[in-house]
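Biologist: I'd like to go through this one slowly. Can you show me the model, and then let me ask how each label was earned?

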Amino acid sequence: MRNFKKKIVTDETMRPVAVLIYYEDWQEIEKLLAIAQLKTEEQKVDLAKYAGTIKLSIDPLEYQQQIRDECSIIDN
C-alpha cells in the first residue's frame, strides 16, 4: 500500500476531527477504492440458484433455537 502524506486536525482537547491530504493523493485513493469495488462486485455469487437444493429434516428456525438453547446451557 502506498504511504500517503496526511495531516491530522484535532480539536481543543486534541481529539482527531479531520484528516488533510493532497488532492492528487485523494484522486489515487478514489481510483483504488473503485478498483476494489469492481473486484468485490465480480466476486458476488447469485445464491438464488442454490435455493431448494438441500432438503432439511428439521425446520431451520427450530434448529436455530435448539442450538441457542444448548449454547446457553454451556455458558451458564
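**How the labels are earned**

Biologist: Let's start with Met14. Why is Met14 called exposed?

Modeller: Met14 has a relative accessible area of 62%. The cut-offs are simple: under 20% is buried, over 50% is exposed, and anything in between is partly exposed, using a 1.4 Å probe and protein chains only. Since 62% is over 50%, Met14 is exposed. Before we go on: this is a predicted model, where local features need pLDDT of at least 70, side-chain atom pairs count only at pLDDT 80 or more, and totals for chains, interfaces and linings use all residues. Residues are numbered from 1 along each chain as its sequence is written, and side-chain values use heavy atoms, with hydrogens and water left out.

Biologist: You keep saying pLDDT. What does that score tell us, and what is its average here?

Modeller: It's the predictor's confidence in each residue, from 0 to 100. The protein averages 88, and 95% of the residues score at least 70. Among the elements, strand 2 (residues 16–21) has the highest mean, 96, while helix 2 (residues 60–75) has the lowest, 85.

Biologist: What makes something a strand or a helix?

Modeller: Both are DSSP runs, numbered from the N terminus: helices are H or I with at least four residues, strands are E with at least two. Strand 1 covers 6–10, and Met14 sits in the loop between strand 1 and strand 2.

Biologist: How do you know that strand 1 and strand 2 pair?

Modeller: Pairing needs at least two bridges found by DSSP. These two strands have five, running in the antiparallel sense, so the rule is met. Ile8 stands opposite Val19, and Lys7 opposite Leu20. The two strands make a hairpin with five residues between them, and Met14 in the turn has a positive phi of about 70°. Met14 is a residue other than glycine.

Biologist: What makes you say that strand 2 lies largely in the open?

Modeller: Strand 2 has six residues and the number buried is zero, so it lies largely in the open. Strand 1 is hardly covered either: of its five residues, the count of buried ones is zero. Lys6 in strand 1 is a good example, as its 55% relative accessibility makes it exposed.

Biologist: Which residues does Lys6 touch, and what counts as touching?

Modeller: Contact means heavy atoms within 4.5 Å. Not counting residues up to four places away in sequence, Lys6 touches Val19, Leu20 and Ile21. Ala36 is another story: Lys6 and Ala36 are 22 Å apart, C-alpha to C-alpha.

Biologist: Why is Asp11 with Arg15 called a salt bridge?

Modeller: Side chains of opposite charge can pair when their charged atoms come close. The rule asks for a side-chain nitrogen of Lys or Arg within 4 Å of a carboxyl oxygen of Asp or Glu. For Asp11 and Arg15 the closest N and O atoms are 3.2 Å apart, so the pair is within the limit. The structure holds one salt bridge. Asp11 is buried at 18%, whereas Arg15 is exposed at 53%.

Biologist: And Asp25, is it buried or exposed?

Modeller: Asp25 has a relative accessible area of 8%, so it's buried. Asp25 lies in helix 1 (residues 23–43). Leaving aside neighbours within four places in sequence, Asp25 is in contact with Arg2, Phe4 and Lys5.

Biologist: What makes a nonpolar patch?

Modeller: Patch members have over 30% relative accessible area and no salt bridge; nonpolar side chains (Val, Leu, Ile, Met, Phe, Trp, Tyr) are joined within 5 Å, like charges within 9 Å. Here Ile8, Val19, Ile21, Tyr23 and Trp26 form one, with about 510 Å² of accessible area together. Strand 2 and helix 1 each give two or more residues to the patch. Ile21, from strand 2, is partly exposed at 31%, so Ile21 clears the 30% bar.

Biologist: Last one: why is Gln66 called partly exposed?

Modeller: Gln66 has 38% relative accessible area, which is why Gln66 counts as partly exposed. Gln66 is found in helix 2, and its C-alpha is 52 Å from that of Leu20.

Conventions:
Areas by Shrake-Rupley, 256 points an atom, 1.4 Å probe, with all protein chains shown as cover.
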